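Reader: Hi! I'm new to reading protein models, and I'd love a close look at a single part of this one. Could you pick out one residue, walk me through its surroundings, and then show me a little of the rest?

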Amino acid sequence: MIKPLHIVILAAGEGTRMKSSKPKMLQTVGGRPMLAHLLDTAVSLEPEAVHVVIGSGADRVKEACAEYPVTWVHQEERKGTGHAVMQAMPGIPEGTVVLVLLGDHPLIPASLLRKMIEETEPPLAMLTMELDDPHGYGRILRDPGGHIIGVIEHHDAGPDQHEIREVNTGIIMADADRLRVWLDRLDCNNAKQEYYLPDIFSMARSESGEVQAVLAPDFHDLQGANDRVQLAALEKRYQQRMASQLMESGVQVLDPDRLDVRGTVTTGLDVCLDINVILQGEIRLGDGVTVGAGVVLTD
């Protein structure tokens, strides 16, 4: 990819199913807001700019993530993902590429996004995944030759289309100039009367002949959180990842399922972590350190 990269993060969700006074993007994974994890990933891609579309609890979200060099974009009304991206486009110059991410997907690996950036070309590419139970997701529509011809939202799909297991993750990369044109053509003639971002796929298909796709190898890294059950699943996934990273660096973790990392950890040689250990904040463990069962270390 030669053109400058701009990242748009959709983070305006209210999270009513969380039943919380906190904005959805401030629900925590590993002791930090979901949005903060994604911003770390976005910044690591070295884009020209990061644009974050916010709505519910906007001031609290900006305060919690004030350390990040981002442009905040306020979405007054929530009219779908297409409408959300429209709000960010005035701040994106011509001659650039736009990567759209979802604020409640904190665990997407930077390596997967780099693969998408490096191995696909504008005008349009998308990230897909396969699920055993794709209920609620937009299905990927392909022609007999396997080429993507569009996306059908779950609410609008027919019985045969509900059987499709390959789904849209909501993550796309598009040429900014073409994206602007496609967004202007969107309408809300659908079951939810919203502007669906995936509707641009059929437009791109009719223009360029093919929409490129990258299939994620592990759907767990692309799961979001709309309620407390899904949030707990993200937490477990995150802790498994942290335990694996510590063990790969040489740490002996007696039971990876009984370790909680809620910050950053640096370790020396021959470190051992017993069961039910909690590591919070900034933790530095020197050579030969053993942390006993049930110990909580903070900063």
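Author: Let's start with R139 and the residues it touches. Not counting neighbours within four places in sequence, R139 is in contact with P134, G150, V151, I152, H154, Q161, H162, I164, E166 and V167, where contact means heavy atoms within 4.5 Å. A word on what you are looking at: this is a predicted model, in which local features need pLDDT of at least 70 and side-chain atom pairs count only at pLDDT 80 or more, while totals for chains, interfaces and linings use all residues. Residues are numbered from 1 along each chain as its sequence is written, and side-chain values use heavy atoms, with hydrogens and water left out.

R139 belongs to strand β8, residues 139-142. Strands here are DSSP runs of E with at least two residues, helices are runs of H or I with at least four, and both are numbered from the N terminus. R139 is buried and has no salt bridge; D133, the nearest side chain of opposite charge, is 6.3 Å away. Buried means under 20% relative accessible area, exposed means over 50%, and partly exposed lies in between (1.4 Å probe, protein chains only). For charge, Lys and Arg count as positive and Asp and Glu as negative, while His and the chain ends are not counted. A salt bridge needs a side-chain nitrogen of Lys or Arg within 4 Å of a carboxyl oxygen of Asp or Glu.

What does the side chain of R139 meet instead? It has a polar contact of 3.1 Å with the side chain of H154. Such a contact is a pair of N or O atoms within 3.5 Å; within protein, one must be able to donate a hydrogen and the other to accept it, and residues adjacent in sequence count only if both atoms are side-chain atoms. A polar atom of the R139 side chain also lies 3.2 Å from the backbone oxygen of I164.

V151, one of the contacts of R139, is also touched by P198, along with T81, E153 and N168, leaving out residues up to four places away in sequence. P198 sits in the loop between α5 (176-185) and α6 (200-208), and it is buried, with a relative accessible area of 8%.

Now for charged pairs elsewhere. Side chains of opposite charge can pair when their charged atoms come close. The model has 18 salt bridges. Among them is R32 with D40, whose closest N and O atoms are 3.0 Å apart. R32 counts as partly exposed because its relative accessibility is 25%, and D40 is partly exposed too, at 33%. Another salt bridge joins E77 and K79 at 3.6 Å, N to O, and R258 meets D255 at 2.8 Å. A network of salt bridges links D218, D221, R237 and R241.

D40 brings us to helix α1, residues 34-44, where 8 of 11 residues are buried. Those buried residues include M34, L35 and A36. After α1 comes E46, with a positive phi near 55°.

Finally, look at the open sheet of 3 strands, which run in the order β13-β15-β17 with parallel pairing. β13 (259-267) and β17 (296-298) stand at the edges with a single partner strand each, so one side of each has no neighbour in the sheet. From one strand to the next, the twist averages 25°; angles run from 0 to 180 degrees between N-to-C directions, with axes fitted to C-alpha atoms, for helices over the stretch in contact. Strands pair if DSSP finds at least two bridges between them, and β13 pairs with β15 (residues 277-285) over 9 bridges. One bridge partner to find is G281 in β15, which partners G263.
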